[in-house]
Amino acid sequence: MTVRLSMTVNGQPRTAEVPPLKRLLDVLREDLGLTGTKEGCGEGECGACTVLIDGELACSCLVAAAQADGTRIVTIEGIAGRDETLAPVQRCFVEQGGAQCGICTPGMIVAAQRFLDSGAEPSDANVRAAIAGNLCRCTGYQKIVEAIQAAARERGGGA
């Protein structure tokens with residue numbers, strides 16, 4: 001049995017015919033060819049597969065495909081501009097050394113972008129709270145926090 005999903009992914013209408021319990025992570029990667037979203041743990045513990053579903057952070061490894069029908073999804077590919085120019089948060093991750101091995105980076109950037117869009121004060125505590133669902137085993141988080149704060153400064157926020 002399959003279900004036909006209709007959703008908006010990164011601003012584009014997309015459809016897929018998939019088993020209803022297939023993970024959204026696998027639909028994105030295998031059926032839609034959006035391989036930027038990574039699988040880290042497959043259990044919703046690491047945040048590597050974080051996407052936005054109707055504006056809310058979600059671990060796509062925990063979302064059944066059928067639950068995504070009719071939703072608006074933003075993946076790491078949707079953070080960059082239409083011309084594939086890096087978004088400020090992505091560029092700041094590169095410039096500040098916020099990415100090392102790259103497994104956590106897509107989910108971390110999606111969470112960071114949501115934080116930046118919230119307009120919250122980019123204090124160390126607020127930034128760390130915003131990315132608390134995303135684990136990094138390489139950087140120790142300081143460079144990630146600095147990258148998010150640099151992006152906030154570019155947008156005219158404090159830090």
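**Domains and pockets of a predicted model**

User: In this predicted model, how much area do domain 1 and domain 2 bury between them, and what share of it lies on carbon and sulfur atoms?

Analyst: The size of an interface is often given as the accessible area lost when the parts come together. For domain 1 and domain 2, 63% of the buried area lies on carbon and sulfur atoms, and the area itself is about 1,100 Å².

User: Which three residues supply 41% of the area that domain 1 buries against domain 2?

Analyst: The domain assignment of the protein chain gives domain 1 as 3-78 and domain 2 as 88-155. On the domain 1 side, no other three residues supply more of the buried area than this set. The residues are Cys46, Leu57 and Ile76.

User: How many residues of each domain are in contact with the other domain?

Analyst: The centres of the two domains, taken over C-alpha atoms, are separated by 21 Å. Contact here means heavy atoms within 4.5 Å. On that basis, the contact involves 15 residues of domain 1 and 13 residues of domain 2.

User: Which side chains meet in a salt bridge at 3.1 Å, N to O?

Analyst: Between domain 1 and domain 2 there are five residue pairs in polar contact. The count of salt bridges between these domains is one. A salt bridge at 3.1 Å, N to O, joins the side chains of Glu56 and Arg114.

User: From which domains does the lining of the second largest pocket draw at least three residues each?

Analyst: The second largest pocket holds about 210 Å³ of space. Its lining has 17 residues, and Ile103, Cys104, Leu135, Cys136 and Arg137 lie nearest its centre. By class, ten lining residues are nonpolar, six are polar and one is charged. At least three residues come from each of domain 1 and domain 2.

User: What is the volume of the largest pocket?

Analyst: The lining of the largest pocket includes Val9, Asn10, Arg14, Leu34 and Glu77. By class, this lining has three nonpolar, four polar and four charged residues. The volume of the largest pocket is about 250 Å³.

Note on methods
Residues are numbered from 1 along each chain as its sequence is written. This is a predicted model: local features need pLDDT of at least 70, side-chain atom pairs count only at pLDDT 80 or more; totals for chains, interfaces and linings use all residues. Side-chain values use heavy atoms; hydrogens and water are left out. On a 1 Å grid over the protein atoms alone, a cavity is a set of points where a 1.4 Å probe fits but cannot get out, and a pocket is an open set with protein on both sides within 12 Å along at least five of seven lines; lining residues have an atom within 4 Å of a point. Grid points are joined across faces, edges and corners, and a volume is the space filled by probe spheres set on the points. Ala, Val, Leu, Ile, Met, Phe, Trp, Tyr, Cys and Pro count as nonpolar, Asp, Glu, Lys and Arg as charged, and the others, Gly among them, as polar. Domain bounds come from an automatic or database domain assignment. Buried area is the accessible area (1.4 Å probe) that two parts lose on being put together, summed over both. A salt bridge is a side-chain nitrogen of Lys or Arg within 4 Å of a carboxyl oxygen of Asp or Glu. A polar contact is a pair of N or O atoms within 3.5 Å; within protein, one must be able to donate a hydrogen and the other to accept it, and residues adjacent in sequence count only if both atoms are side-chain atoms.
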